[in-house]
Amino acid sequence: MSASTKRAAIRNIAIIAHVDHGKTTLVDALLKQSGTFREGELVPTCVLDSNDLERERGITILSKNTAVDYDNTRINIVDTPGHADFGGEVERVLGMVDGCLLIVDANEGPMPQTRFVLKKALEKGLRPIVFVNKIDRPRADPEIAVSKVLDLFIELGADDDQCDFTYLFGSGLGGFAKPDMKTDSENMVPLFEAILRHVPPPVGDPEKPLQLQVTTLDYSDFLGRIIIGKIHNGSIKNGQIA
């Protein structure tokens, strides 16, 4: 994730939530609607849950990163684990981003892991965008969910700017987002626009020596060893050998 000031058209954002509140499904919708996949391409559900255990259990265990392009802006997205057992993964990736998207179930509202990931995000000075998910489900109460989220922000010691959070309603499975319950929407455009407006671009100096914060190590049978992290200063080119 480049920190170059010359590339202001970049946003780095983490998606955080309690387990099963719809993080990975929402990422699926963003990937599909951004044109990341070719027309007619067979796309599996829960694209980022690539680990066999993740697909078997239906949860995210390891943080994953992907990117979508919207309105000439590259949006780097990190999908984080939603289970308390993998809290270390959440803490590491929050250091890579400049904003976060907090997903809350419209029926359940904030849950224990919501508290954990939100506390870590607030401590790092991030201003979350709140997405109230699954509003098309029976017994959903989106407005009450927003009220409970605000109570949680206050309880966790959020400052005035953080408490004045942007929120949207929608459904990752249905593939839509909207700024209020009275508005009709058939796509994720309102969420894309909110990310561009409320998540600041990364900062840094591309002329300085390379400063790379490594957060995740991986391995591919095709590529070999892989490191994932954030460039705070300097730059890297394709094919460059360190």
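In this predicted model, Arg11 is buried and yet forms no salt bridge, the nearest side chain of opposite charge being that of Asp98, at a distance of 8.0 Å. Because a salt bridge requires a side-chain nitrogen of Lys or Arg within 4 Å of a carboxyl oxygen of Asp or Glu, the 8.0 Å that separates Arg11 from Asp98 leaves this pair outside the criterion. Arg11 belongs to strand 1, which comprises residues 10-17, and its side chain reaches the backbone oxygen of Leu196 at 3.2 Å. When neighbours within four places in sequence are set aside, the contacts of Arg11 include Thr73, Arg74, Ile75 and Asn76, together with Ile195, Leu196, Val199, Pro200 and Pro201.

A second buried position is provided by Leu118, which is located in helix 4 (residues 112-123). The relative accessibility of Leu118 is 0%, and this residue is therefore classed as buried. Apart from neighbours within four places in sequence, Leu118 is in contact with Ile16, Leu102, Pro128, Leu152, Phe153 and Leu156. For one of these partners, Leu156, the separation from Leu118 amounts to 38 residues in sequence, whereas the C-alpha atoms of the two lie 8.3 Å apart in space.

At the surface, a nonpolar patch of about 530 Å² is made by Leu210, Leu212, Val214, Leu217, Ile227 and Ile236. The element that gives the most to this patch is strand 8 (residues 211-220), from which three residues are drawn. Leu210, by contrast, is placed in the loop between helix 7 (189-198) and strand 8, and it counts as partly exposed because its relative accessibility is 44%.

Backbone geometry is also of interest at two loop positions. Most residues other than glycine have a negative phi. Asn72, however, has a positive phi of about 60 degrees although it is not a glycine, and it is situated in the loop that joins strand 2 (64-70) and strand 3 (73-79). With a relative accessible area of 74%, Asn72 is exposed. A positive phi, near 65 degrees, is likewise found for Arg139, a residue other than glycine, which lies in the loop between strand 5 (129-133) and helix 5 (142-155). Arg139 counts as exposed, since its relative accessibility is 69%, whereas Arg11 is buried.

Notes:
Residues are numbered from 1 along each chain as its sequence is written. This is a predicted model: local features need pLDDT of at least 70, side-chain atom pairs count only at pLDDT 80 or more; totals for chains, interfaces and linings use all residues. Side-chain values use heavy atoms; hydrogens and water are left out. Patches are made of residues with over 30% relative accessible area and no salt bridge: like charges are joined within 9 Å, nonpolar side chains (Val, Leu, Ile, Met, Phe, Trp, Tyr) within 5 Å. Accessible areas come from the Shrake-Rupley method with a 1.4 Å probe; for residues, only the protein chains shown count as cover. Helices (H or I, at least four residues) and strands (E, at least two) are DSSP runs, numbered from the N terminus. Buried means under 20% relative accessible area, exposed over 50%, partly exposed in between (1.4 Å probe, protein chains only). Lys and Arg count as positive and Asp and Glu as negative; His and the chain ends are not counted. A polar contact is a pair of N or O atoms within 3.5 Å; within protein, one must be able to donate a hydrogen and the other to accept it, and residues adjacent in sequence count only if both atoms are side-chain atoms. Contact means heavy atoms within 4.5 Å.
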